[in-house]
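Reader: I should like a close look at a single helix, from its ends to its surroundings. Please set out the details in one connected account.

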Amino acid sequence: MCKFATFTRFSSLIITASAAGRLLSIDLVADLTGSYARVYVLLALLAVSGVAVFFSLRHPATTWLKRDLLHLPSQGGLRVNEPTDDLLFLPIIDLHRLFMARRVSPVEVVRSLLERLDAFEPQLRTHITICIDDALEAARVAERELIAGRALGPLHGIPVSHKDNLWTAGVRTTAHSRTFIDHVPTEDATAVRRLTEAGMILLGKTNTTEFACGDMHIFGHTPNPWDLSRYSGASSAGSASAVAAGLTTAATGSDTGGSIRAPASLCGMIGVKPTYGRVSRFGLVPLSWSMDNVGPMTRTVADAALMLHAMGGWDRQDPTSDRRLVPIFIEVLTPRLEGITIGVPVDHFYDGLTSDVNGAVQEALRTLESLGANLVPIRLPSAGNLAEVGNLLVKWEAFALHATLLRAQAPRYGPKARRNIAAGAFFSSGDVALAQQLRTQWAYELELAFEEVDAIVTPTLPFTAFPWETWVSAPPDTSWGTRHFNLTGHPALSQPCGFDRDGLPIGLQVVAKRFDEAAMFRVAHAYEQATEWHRRRPPLTGPVA
Amino acid sequence: MDLSYLRAEAKRLELELDDHDLSIILALVHRTSTRLLVLRPDDSMTLEPALRFGVPEPEREG
């Protein structure tokens with residue numbers, strides 16, 4: 001009876017903690033430990049060590065209260081920019097250090113970003129909405145908290161821009177569509193809420209293609225900051241361009257066939273598509289139920305690791321979200337890769353590259369090898385057969401999601417989104433079944449490959465940013481190397497690995513096993529620390545007349 | 001599948017799509033279906049081997 005009472009008391013405590021933060025149920029602990037008897041032992045240990053420690057396992061803000069990032073170099077070999085670097089281009093970790101040292105205030109950073117947005121937005125159109133007053137007020141609050149020694153963690157006071165297909169309570173969320181033009185959500189998307197709870201400041205909502213599959217026909221298109229006449233990717237182009245151009249510190253995006261990684265590659269920054277199920281899609285204006293993902297877009301791999309830790313985890317409001325604990329990814333980052341085996345596909349991913357992309361990626365492979373990684377060739381024979389599989393399944397699922405709205409408001413959709421989504425209604429059941437079969441076959445092939453390797457490295461795209469006119473007249477396949485991992489749910493990241501002869505960024509894609517983002521971040525971080533590509537800035541010199 | 005079929009289907013589905021929309025959709029669906037067909041998995045994953053032996057005549061009753 002006494003044992004039961006103790007158990008019940010601790011159960012209530014844990015469940016209360018869970019309600020305040022994230023999932024941490026007795027059932028989950030039993031799942032993880034194998035039995036309820038072990039749960040009891042665990043709870044007894046908790047009584048000694050303190051429930052606060054247990055709570056901190058789940059809540060990123062609390063977790064980081066006890067971790068001073070200034071100690072990280074000795075743990076992870078992180079290299080930081082000098083504090084004299086332009087505030088607008090500092091990674092999150094560097095800003096956090098300056099905040100903690102009280103050398104810079106969040107107010108100063110937000111003001112600087114707003115000034116730069118004022119100067120460059122007319123050309124770049126990275127944002128649909130900018131939250132000037134709310135961002136400044138949030139920065140003042142963060143400043144007071146930081147001065148009072150109540151830092152929530154490394155994201156506290158850091159500005160972030162969310163893609164305009166993620167709900168933001170009280171802030172218009174249009175998905176760049178006339179059908180949502182006045183839509184003001186009453187609650188945040190889960191990913192948005194979690195980043196806010198970790199202390200991030202909402203700077204604004206970034207430009208996107210309509211419903212992540214159409215045009216940028218209402219608010220204008222987002223040019224590439226490295227060359228304003230070039231394409232910047234879809235559909236998270238606003239987020240990618242804003243981070244690359246120093247118009248925001250970090251951003252979120254959504255990725256259904258490569259919409260985080262392709263713009264990250266074209267704009268020269270980090271874009272992460274997490275494992276399907278890692279980040280809740282609650283509050284994301286959906287495109288494809290089985291392939292949509294929400295992820296971070298940043299200047300460094302460590303920044304993305306920090307954000308994904310805060311965004312991830314089980315969410316009762318998304319039936320596809322996974323119950324696994326989210327690792328503290330930043331703790332596994334090291335400058336060396338001994339013991340890591342990297343697969344280099346023989347099929348598809350290294351075919352048809354421009355000479356500059358091929359040169360940069362081959363050099364990246366040599367760098368990874370020099371860092372201690374073991375590179376092995378792998379066969380993925382279906383990899384070149386997935387363009388139509390992905391196209392069909394996205395359209396098919398998009399129609400299912402949009403059917404009611406499309407029936408009511410088809411003329412209010414832009415032409416491209418209307419046709420792409422409506423097309424999903426006209427595929428035969430035989431075509432859909434065949435596509436699903438090919439998808440399953442590909443997933444099996446990839447799983448077999450991952451029995452031999454820890455990560456796979458490919459170019460993100462076979463080309464660099466092309467002229468905007470090309471996108472309008474004859475768009476190339478911008479999901480060429482990325483849709484593969486939306487079809488299977490594997491985590492994948494794009495990072496800069498060089499520049500072509502025109503000074504345009506080249507992207508390297510790192511893929512890992514499902515729910516092993518830690519391996520993905522480890523490979524990408526070691527590569528980043530050994531190179532300087534992520535430190536380059538677009539040659540924006542001033543407003544264009 | 002042709003434009004008139006798509007018109008009828010769009011009407012049945014209560015989708016307000018004009019002929020320009022439908023002709024683009026028709027080309028897109030046709031291209032996707034055609035390319036998918038050539039990607040069919042090998043014989044071991046299909047009924048093709050059975051077809052090599054011929055389709056038996058249906059048994060006649062009486």
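Author: The buried residues of H8(A) are A:Pro106, A:Val107, A:Val109, A:Val110, A:Leu113, A:Leu114, A:Arg116, A:Leu117, A:Phe120, A:Glu121, A:Gln123 and A:Leu124, where buried means under 20% relative accessible area with a 1.4 Å probe, protein chains only. This is a predicted model, in which local features need pLDDT of at least 70 and side-chain atom pairs count only at pLDDT 80 or more, while totals for chains, interfaces and linings use all residues. Residues are numbered from 1 along each chain as its sequence is written, chains are lettered from A and ligands numbered from 1 in the order in which they are written, and side-chain values use heavy atoms, with hydrogens and water left out.

The cover over these buried residues includes the chain A helices H7 (92-100), H9 (132-147) and H11 (237-244). It also includes strands S1 (127-130), S2 (159-163) and S3 (201-206) of chain A. Helices (H or I, at least four residues) and strands (E, at least two) are DSSP runs, numbered from the N terminus.

At the N-terminal end of H8(A), A:Ser105 acts as a cap, with a side-chain oxygen 2.9 Å from the backbone nitrogen of A:Val107. Further along, helix H8 (residues 106-124) has a kink of about 40° at A:Asp118, shortly before the proline A:Pro122; the bend at a residue is the angle between axes fitted to the seven residues ending there and the seven starting there. Just after H8(A), A:Arg125 adopts a positive phi of about 45°.

As for the other chain, the secondary structure of chain B comprises three helices and zero strands, in the pattern α-α-α along the sequence.

How values were computed:
Buried < 20%, exposed > 50% of the residue type's maximum accessible area, 1.4 Å probe, protein only. Contact = heavy atoms within 4.5 Å. Polar contact = N/O pair within 3.5 Å; in protein donor to acceptor, adjacent residues only side chain to side chain.
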